[in-house]
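Open the model in your viewer and keep the selection panel at hand. The tour goes stop by stop.

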Amino acid sequence: MSRLKDLQKNLFGGTTSNARQFGMIFTLVAIVVLFQILTDGLTLRSDNLIALFQQNSYILILAIGMLMVIVAGHIDLSVGSVAAFAGILVAKSMTEWDLPWPAAIVFGLAIGAVIGAWQGFWVAYIGVPAFIVTLAGMLLFRGGNQFIGNASTVPVPEGFREIGSGFLPEFGPNTGYNNATLLLGLAAALAVVWREIQSRKTRRAMDADPAPMWISILRMAIMVGVIAFAALRFASGRVGTSFPISGIILLVLVIAYSFYTRNTAGGRHIYAVGGNSRAAELSGVKLKRVNFFVMMNMSVLAALAGMIFVARSAASGPQDGNGWELDAIAAVFIGGAAVAGGIGTISGSIVGGLVMAVLNNGLQLMGVGTDRVQIIKGLVLLLAVAIDVYNKSQGRFSIIGSLMRPFRREDSVPPASPPDAERKPAKAAVSG
Amino acid sequence: MSDVPILLEMRSITKEFPGVKALSDVNLVVRAGEIHAICGENGAGKSTLMKVLSGVYPHGTYDGKITYQGSESKFSDIRASENAGIVIIHQELALIPGMSIAENIFLGNEPRKRGAIDWKAANRMALDLMARVGLEEDPDTLIKDIGVGKQQLVEIAKAFAKDVKLLILDEPTAALNEADSKHLLDLLRGFRSRGITSIMISHKLNEIEAIADQITILRDGRTVETLDVKADGVDEDRIVRGMVGRELSSRFPDHTPKIGEVFFEVRDWNVRHPISAERQVCKNESFVVRRGEIVGFAGLMGAGRTELAMSVFGRSYGVFESGTIIKDGKEIVLKSVADAIDNGLAYVSEDRKAIGLNLLDDIKTSTVAAKLSKISHHGVLNEVEEYQAAESYRKELRTKAPTVDESVSKLSGGNQQKVVLAKWMFTDPDLLILDEPTRGIDVGAKYEIYGIIQRLADQGKGVIVISSELPELIGLCDRIYTVFEGAITGEIARADATPETLMKQMTSTKKMATR
């Protein structure tokens, strides 16, 4: 029994925010297994996995930026339009102005930065709610895309397509697998082991008992197992396919932004602003700068996502990025972010996005029409957040969370005092 | 008193949260028409007991029996208890600022005519209810346009609209000034003479002594005793003894100040209101702080003490007009909170939940929040250093929490305040400005906080204490400035400070130097 408890407590960290994430990972595994059975093994086949990553990498990239926006207490409805706007400009820059493709990518990111600065300016320095600013941006940049592209499609050259539809190259001896992918898997496995050792060191330095050794080993074994399985799958697809370039871009971004949000002062400021902006301000956080940054960063990532999409579909079109904002927002909320801001993780959002992606993919493999897929996706989003809200109202963080914690006081957070910073109550003397 | 019928009897109430026994075998007997005070330190179980009574924790989630008006009550929710005439008024008022007095009074209980709200009747009835609580305002006035004292009265009027028989007030005077508190207490006496029973939770023992008939004291989730104020001759010390379980010989730790040179000076400070620019909230204010000195700021509500402190603290309030700050002989310009922190200033705000802490954070994160640079290298945070810093402050300040991973929202007021103090001590300030450092904190924790403040002064830091409790200022401070309507009206040395002398200068514009 105590071993089971140890397992529950330690396998995924055991804190409440991790509890929700654990729930989502659990859900993801369950959905994958379910569809694996329902589709007679199609779901985990190499080509399907590869397609799944290629089709969803841009949504997951958006989810990274969206997580930060939502944690800071904002929302961005314009990402789909910004992606389309950047996409058409980049496509034009290559076909009409003959910009070489690497320069075009830089150009695209710069467009994202300029758009982001525009939206960030209104949100951070003028104080217009992000909902309004980005609703306006959604119309503005969708219109801009169709204005510039004359509502027609613009093809992109071969080299540029690599970022959307390219794969890790083949090299080295013939192993029957894609060697580059295998090496990537090996590196990932080593990283997992290294992190586990580091985390044990950290725990010890904090005078806390690290998790029992067997749990560390079990945790590493599971993760290394998953990585090995994935690497072999990705490496054994049709000749010429392997781990997609867009997947590499996503991986790099996930690692970089996870590190930024968790381990740097800048990242922590975002959480502080979302949790209590006034308290953050009085602790020396530069509120405007943080708000400006998250909005700007979002648009840069949106431009990147737009370019990857254009590269994958080999052309930029007027309907690119339609509804992406909703997929990204759904991923973030399914991944455990709080609507009011201050709570959420990059990894959670990625898992949330993968849940939606696998669901989408599995239903399509089963031949379910897009009409019914949408209905099911809508219900899943509602249900995932509803369960969390319900559990919070019951004083638990989540069902999983309550299972994982030996006890938890039911006291909920008292309602904050009225948001009226001007009034200064109780300035009176009370003599005793 | 024993011949008066019992209105409410709570017998052997036990309420357990997973792993924590919040109440065990608590008994409470309230007789009809009395004012019954419930005292206890924070975390003693007062609020939990009231939540059990009002159905927030419905019947079945606790053990024990509630007998109300002669029969057993099994409230399933707040509505059920309100229907029975039990109304609870929380410390955080549940009014909607953008709605009028009448709208708030009848919120959820609107008088209707053919399905539509009958505003004529509502206003007429509101006026009637307002008269009963002595509130003279137009019922169409918006809540945000009246003061906290009047808002409290609206809450009580709202209770009367529900035909209250047992009125429960949780810290009713915590946010009120003296005049409003007095009015409220008179009102409660009036209710008593009209046969309305009140239960009052309060930390202000002088008020309890003045108004209560019976006092039930809770400690660690148990009933300690029930005192009859008149028969037992109860005074404040007696209540404190019951609450802390020992005699508190003094409310303030012994302290011999080690006062050094003047190191911080504000000269001719002028600040305007952030929205209405014609209002000047700081008028030519000048003051000095010496090393090792605890300086008090006394003043009435709206005198502008918080405004002064916050505007000095990196212009975090109002529109700066003119004035100079001199620290260690050099003029410094603080344009932002970050500037202020870098120059060794710290400001502990009066409202720790609204603007002092991020309630989503744990102790660890909160402790280092104002000086992340101290635990980071090239912008990357060091988890171990963060933990060690938080842990050392937890031990030093004796913050009651299992680990520094505990969420600050779960801590009691006193422990939250210790976390806020730790957060600012972590920034290594030379000058700490503490705004109402002991508000809503129980007696035992107050004593500890006073000790911390004195230790900080002894380390050679300057400490400014803004407080609405004159005894606190007199007991703690080496020197006290009085503030009235945005101007400093007096400077009183500890030896000359009495509530009377302070009050005199807090209410007059004339500057009288007693030094």
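What percentage of the 432 residues in chain A is buried? The figure is 45%. Keep in mind throughout that this is a predicted model.

**Stop 1: chain A**

Select chain A and colour by secondary structure. You should find 17 helices and two strands. Next, show contacts with a sequence separation of 6 or more: residues 24 or more positions apart account for 78% of them.

Now colour by domain. Domain 1 of chain A takes in 36–166 + 266–396, and domain 2 covers 174–243. Their C-alpha centres lie 28 Å apart. At the boundary, five residues of domain 1 of chain A are in contact with six of domain 2 of chain A. The domain 1 side of that contact has three nonpolar residues, one polar and one charged.

**Stop 2: the domains of chain B**

Move to chain B. The assignment gives domain 1 as 6–244 and domain 2 as 262–513. Here the C-alpha centres are 33 Å apart. Nine residues of domain 1 of chain B meet eleven residues of domain 2 of chain B in contacts. By class, the domain 1 side contributes four nonpolar, four polar and one charged residues.

**Stop 3: strand β22 of chain B**

Select residues 462–466 of chain B, which form strand β22. Is this strand enclosed or open? Five of its five residues are buried, so the strand is largely enclosed by the rest of the structure. The cut-off behind that is 20 or more other C-beta atoms within 10 Å.

Turn on side chains. In a regular strand they alternate between the two faces of the sheet. In β22(B), Gly462(B), Ile464(B) and Ile466(B) point one way, while Val463(B) and Val465(B) point the other way.

Add the partners. Strand β15 of chain B, residues 294–299, pairs with β22(B) in the parallel sense over four bridges. Look for Ile294(B) opposite Val463(B). Strand β21 of chain B, residues 431–435, is also parallel to β22(B), over five bridges. There, Leu434(B) stands opposite Val465(B). Follow the chain from β21(B) through helix α16 of chain B, residues 443–458, into β22(B): this β-α-β crossover is right-handed.

**Stop 4: the nonpolar cores**

Which residues touch the most other members of the largest nonpolar core? They are Leu62(A), Ala63(A) and Ile453(B), in a core of 190 residues. Helix α13 of chain A, residues 287–313, supplies the largest share, 17 residues.

Centre on Ile453(B). Leaving out residues up to four places away in sequence, Ile453(B) touches Ile294(B), Leu434(B), Pro437(B), Val463(B), Val465(B) and Leu476(B). Two of these names are familiar from β22(B): Val463(B) and Val465(B).

A second core is separate and has 70 residues. Select Ala126(B), Phe191(B), Ala212(B) and Leu227(B) to find part of it.

**Stop 5: two positive phi angles**

Most residues other than glycine have a negative phi. Two exceptions close the tour.

Select Ser12(B), in strand β1 of chain B, residues 6–17. Its phi is positive, about 45°, although Ser12(B) is not a glycine. Ser12(B) has 14 other C-beta atoms within 10 Å and is partly exposed.

Then go to Glu171(B), in the loop between β9 (166–170) and α6 (178–193) of chain B. Phi of Glu171(B) is near 50°. Is Glu171(B) buried or partly exposed? It has 19 C-beta neighbours inside 10 Å, and burial takes 20 or more, so Glu171(B) counts as partly exposed.

Note on methods
Residues are numbered from 1 along each chain as its sequence is written. Chains are lettered from A and ligands numbered from 1 in the order in which they are written. This is a predicted model: local features need pLDDT of at least 70, side-chain atom pairs count only at pLDDT 80 or more; totals for chains, interfaces and linings use all residues. A residue is buried if 20 or more other C-beta atoms lie within 10 Å of its own, exposed if 12 or fewer, and partly exposed in between; C-beta atoms are placed from the backbone. Two strands pair if DSSP finds at least two bridges between them. A crossover is right-handed if, with the strands pointing away from the viewer, the path from the first strand over the helix to the second runs clockwise. A nonpolar core is a set of buried Ala, Val, Leu, Ile, Met, Phe, Trp, Tyr and Cys residues joined through C-beta atoms within 7 Å. Two residues are in contact if their C-beta atoms, placed from the backbone, lie within 7 Å. Domain bounds come from an automatic or database domain assignment. Ala, Val, Leu, Ile, Met, Phe, Trp, Tyr, Cys and Pro count as nonpolar, Asp, Glu, Lys and Arg as charged, and the others, Gly among them, as polar.
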